[in-house]
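These notebook entries record what I looked up in one structure. I began with the strands and went on to the helices, the cores and a few single residues.

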Amino acid sequence: MALSSEQAMNVARVLGEALPYIQRFAGKTVVIKYGGNAMTDPELKSGFARDIVLMKLVGINPVVVHGGGPQIGELLKRIGKETRFVQGMRVTDGETMDVVEMVLGGLVNKEIVQLINRHGGRAVGLSGKDGGLIRARKLSLPESGDDDIGYVGEVASVDPAIVDILDKGDFIPVIAPLGVGEDGLSYNINADLVAGRIAEVIGAEKLMLLTNTAGVLDGEGKLLTGLQPKQVDQLIADGTISGGMLPKVRCALEAVKAGVRAAHIVDGRVEHAVMLELFTDEGVGTLIKSSD
């Protein structure tokens, strides 16, 4: 269908606005944590895949790290396995870990790869266990009493060699947040934390965390953006940032303090959220940037 004159002008305006961003980020790496509604809604899934392919086509290197909590919970329910949480962490015994590996490293990972490839990309699925990418250590919760949450880990170290090889080979890495401990066992790791640490180690230009909220809001519910680390520290101290937003903000803040030039907490409920945040002046989330 032919565009009207007004529609054509809007397309030209958008492309013109995007050009300086494309020029600025060409050759740079952007790590995107993919989760929330963007991962379950069919239209949002398709839009995300197209955004990732577009980024690669214009010379930006996307690295996708994905979650899969709802999908894990659904399969556990189907097999009659009860799920218990301690301090927001899923208690992961051996049987649950088998399901986690199957869902994250198999079903979810391969679906994302297939979706990106269907839109013209060259995605390759990995877990943190592949190529020694992520070394894990067992996560301990000091305030959880005698509770042992099982095979839940945190990132001990990252070896980015396999990611570098894929980026240079014009592939798009899609990473499941699993790691291997020194004990040789597999561990499930929070995807935000994995994305943040990978971004730090590979010297990414940006870290983008897709979430089901508009971003960081002030006391009146207005979106805050263009924040520097000192401002974020103050917002945490005065209680403006609290609850479920705290872990994401802390992850973004740690990445920026470790050398990632900017971190974005992006509203994944908006179609083409990645492209809008990356290539437009207004964006669709909260930007936390280094102070230099």
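I count two strands as paired if DSSP finds at least two bridges between them. The model I examined is a predicted one.

**Entry 1: the open sheet**

With that rule I looked up the order of the strands. I found an open sheet of 7 strands, in the order β5-β8-β2-β1-β11-β12-β13, with mixed pairing. Strands β5 (123–127) and β13 (285–289) stand at the edges; each has a single partner strand, so one side of each is left without a neighbour in the sheet. I also noted the turn between neighbouring strands of this sheet, which is 20 degrees on average, direction ignored.

At one edge I looked up the pairing of β5 with strand β8 (residues 172–176), which is parallel and has 5 bridges. Here Val 124 stands opposite Pro 173 of β8. I then asked which helix packs on the sheet and touches β13. The answer is α8, which also touches β1 (29–34), β11 (206–211) and β12 (262–267). The direction of α8 makes about 170 degrees with that of β11.

**Entry 2: strand β12**

I next turned to β12 and its two neighbours. Strands β11 and β12 run parallel and are joined by 6 bridges. Met 208 stands opposite His 264 in β12. On the other pairing, β12 and β13 are antiparallel, with 5 bridges. Ala 263 has Ile 288 in β13 as its bridge partner.

Is β12 enclosed or open to the outside? I found 6 of its 6 residues buried, so β12 is largely enclosed by the rest of the structure. The cover extends to both faces of β12: Ala 262, His 264 and Val 266 are buried on one side, and Ala 263, Ile 265 and Asp 267 on the other.

**Entry 3: the nonpolar cores**

In soluble globular proteins, nonpolar side chains tend to be buried together. I therefore looked up the nonpolar cores of this model, the largest of which has 42 residues. Val 31, Leu 207 and Ile 241 have the most contacts inside this core. Helix α8 (residues 245–257) supplies the largest share of this core, with 8 residues. Apart from this core lies another, of 41 residues, including Ala 18, Ala 49, Ile 116 and Val 174.

I examined Ile 241 by itself. Residues up to four places away in sequence are not counted, and Ile 241 then touches Val 216, Val 232, Leu 235, Ile 236, Leu 246 and Val 249.

**Entry 4: helices α2 and α4**

How do α2 and α4 pack? Helix α2 (residues 42–57) meets helix α4 (residues 94–118) at an angle of about 65 degrees, with the axes 8 Å apart. The crossing of α2 past α4 is right-handed. From α2, the residues in contact are Lys 45, Ser 46, Ala 49, Ile 52 and Val 53; from α4, they are Glu 111, Leu 115 and Ile 116. I sorted this contact by class and found 5 nonpolar, 1 polar and 2 charged residues.

**Entry 5: the closed barrel**

I then looked up a second set of strands. Four of them form a closed barrel, β6-β7-β10-β9, and its pairing is mixed. Neighbouring strands of the barrel are turned by 60 degrees against each other on average, direction ignored. Strand β7 (residues 152–158) and strand β10 (residues 186–189) pair in the parallel sense through 2 bridges. Val 152 stands opposite Asn 188 in β10.

Two helices drew my attention here. Helix α4 packs on this sheet and touches β9 (178–181) and β10, its direction making about 65 degrees with that of β10. Helix α6 also packs on this sheet and touches β6 (134–138), β7 and β10, its direction making about 5 degrees with that of β7.

**Entry 6: Val 194 and Ala 237**

Within helix α6 (residues 191–202) I picked out Val 194. Val 194 has a relative accessible area of 1%, which is under the 20% cut-off, so I record it as buried. Leaving aside neighbours within four places in sequence, Val 194 is in contact with Val 65, Ile 134, Val 155, Pro 177 and Ile 189.

Last, I looked up Ala 237, which is found in helix α7 (residues 229–237). Ala 237 has a relative accessible area of 64%, over the 50% cut-off, so I record it as exposed. Ala 237 and Gly 219 are 18 residues apart in sequence, and their C-alpha atoms are 14 Å apart in space.

How values were computed: Residues are numbered from 1 along each chain as its sequence is written. This is a predicted model: local features need pLDDT of at least 70, side-chain atom pairs count only at pLDDT 80 or more; totals for chains, interfaces and linings use all residues. Side-chain values use heavy atoms; hydrogens and water are left out. A nonpolar core is a set of buried Ala, Val, Leu, Ile, Met, Phe, Trp, Tyr and Cys residues joined through side-chain atoms within 4.5 Å. Buried means under 20% relative accessible area, exposed over 50%, partly exposed in between (1.4 Å probe, protein chains only). Helices (H or I, at least four residues) and strands (E, at least two) are DSSP runs, numbered from the N terminus. Contact means heavy atoms within 4.5 Å. Axes are lines fitted to C-alpha atoms, for helices over the stretch in contact, and angles run from 0 to 180 degrees between N-to-C directions. A crossing is left-handed if the near helix is turned anticlockwise from the far one by less than a right angle, and right-handed if clockwise. Ala, Val, Leu, Ile, Met, Phe, Trp, Tyr, Cys and Pro count as nonpolar, Asp, Glu, Lys and Arg as charged, and the others, Gly among them, as polar.
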